[in-house]
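Good morning, everyone, and thank you for making the time. Please keep the picture open while I talk, and follow along with a finger on the screen if that helps.

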Amino acid sequence: MVIDDSNTIRRSAEIFLKASGCQVILAEDGFDALAKISNENPDLIFVDIMMPRLDGYQTCSLIKRNARYKTTPVIMLSSKDGLFDRARGRMVGSDQYLTKPFTQETLIEAVQIYAAKAKSHQKEVD
């Protein structure tokens, strides 16, 4: 799942991920994402930090506080690269922090690492 208020970023990530065989779910903001997560049950979530209504920190925190989704990897995406921003991301439970602009290789590497962990955890639960 890719959550970003920028249509350009959503489309770029979608193109990169689909080219690598991923199924991609798009959301425009945190509220849109929360509505879709329960139906789609994504293996991995990329979330922008600066979004209207519900920002990435709030969205990540809500996802990680939900018992059903707390093990779903959440990767923060942001053009902000400060130590405080990264620390705040960790505090709300994010698994990784990627800086924009991202490359296809960066996204795919994150998918390979975290989607495999998510599937492994799901097998343990089942």
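Before I speak of packing, I need one term: contact here means that heavy atoms lie within 4.5 Å. Please also keep in mind that what you see is a predicted model.

Let me start with helix H3, which runs over residues 56–65. How many of the ten residues of H3 are buried? Seven of them are, so that the helix is mostly covered, and the buried ones are Gly56, Tyr57, Thr59, Cys60, Ser61, Ile63 and Lys64. If you look at what these buried residues pack against, you will find strand E1 (2–3), together with H2, E3, E4 and H4.

Within this helix I would like to stay for a moment with tyrosine 57, which has a relative accessible area of 4% and is therefore buried, since buried means under 20%. Which residues does tyrosine 57 touch, once its neighbours within four places in sequence are left aside? They are Ile49, Met76, Asp85, Arg88, Gly89 and Val92. With one of these, aspartate 85, there is also an approach between polar atoms, as the backbone oxygen of aspartate 85 lies 3.4 Å from a polar atom of the tyrosine 57 side chain. The backbone of tyrosine 57 has a partner as well, because at the start of H3 a side-chain oxygen of aspartate 55 reaches to within 3.0 Å of the backbone nitrogen of tyrosine 57. Finally, tyrosine 57 and serine 94 are 37 residues apart in sequence, while their C-alpha atoms are 8.5 Å apart in space.

Now to the nonpolar cores. In soluble globular proteins, nonpolar side chains tend to be buried together. In this model, the largest nonpolar core has 18 residues, and those with the most contacts inside it are Met1, Ile3, Ile45, Val47, Val74 and Met76. Two or more residues each come from helix H2 (30–40), E3, H3 and strand E4 (74–78), and H3 gives the most, with three residues. To see the surroundings of one core member, take valine 47, which, if we do not count residues up to four places away in sequence, touches Ile3, Gly56, Thr59, Val74, Ile75, Met76 and Leu77. There is also a second, separate core, made of 17 residues, and this one includes Ile9, Ala13, Leu98 and Ala110.

Let me turn to charges. Side chains of opposite charge can pair when their charged atoms come close. How many salt bridges does a search of the whole structure find? It finds nine, and I will walk you through some of them.

The side chains of glutamate 14 and arginine 11 meet at 2.3 Å, N to O, and both residues lie in helix H1, three residues apart, which is about one turn of the helix. Glutamate 14 is buried, at 10% relative accessible area, whereas arginine 11, at 39%, counts as partly exposed.

Next, aspartate 48 forms a salt bridge with lysine 100, with the closest N and O atoms 3.0 Å apart. Because aspartate 48 lies in strand E3 (residues 45–48) and lysine 100 in the loop between E5 and H5, this pair ties together parts that are 52 residues apart in sequence. Aspartate 48 is buried at 5% relative accessibility, and lysine 100 is buried with a relative accessible area of 18%.

The next bridge brings us back to H3, since lysine 64 of that helix pairs with aspartate 95 in the loop between helix H4 (83–91) and E5, and so joins parts that are 31 residues apart in sequence. Lysine 64 counts as buried at 17%, while aspartate 95, at 34%, is partly exposed. Some bridges share partners, and in this way Asp4, Asp48 and Lys100 are joined into one network.

My last topic is aromatic rings, where the structure holds one pair. The ring centres of phenylalanine 16 and phenylalanine 102 are 6.3 Å apart and the planes stand at 80 degrees, so the pair is edge-to-face. Phenylalanine 16 lies in helix H1 (residues 7–19) and phenylalanine 102 in the loop between strand E5 (96–99) and helix H5 (104–125), so parts that are 86 residues apart in sequence are tied together. Phenylalanine 16 is partly exposed at 23% relative accessibility, whereas phenylalanine 102 is buried at 10%.

Key
Residues numbered from 1 in each chain as written. Predicted model: local features only at pLDDT ≥ 70, side-chain atom pairs only at ≥ 80, totals over all residues. Heavy atoms only, no water. Helix = DSSP H or I, 4+ residues; strand = E, 2+ residues; numbered from the N terminus. Buried < 20%, exposed > 50% of the residue type's maximum accessible area, 1.4 Å probe, protein only. Polar contact = N/O pair within 3.5 Å; in protein donor to acceptor, adjacent residues only side chain to side chain. Phe/Tyr/Trp six-rings, centres within 6.5 Å; stacked < 30°, edge-to-face > 60°. Salt bridge = Lys/Arg side-chain N within 4 Å of Asp/Glu carboxyl O. Core = buried A, V, L, I, M, F, W, Y, C linked by side-chain atoms within 4.5 Å.
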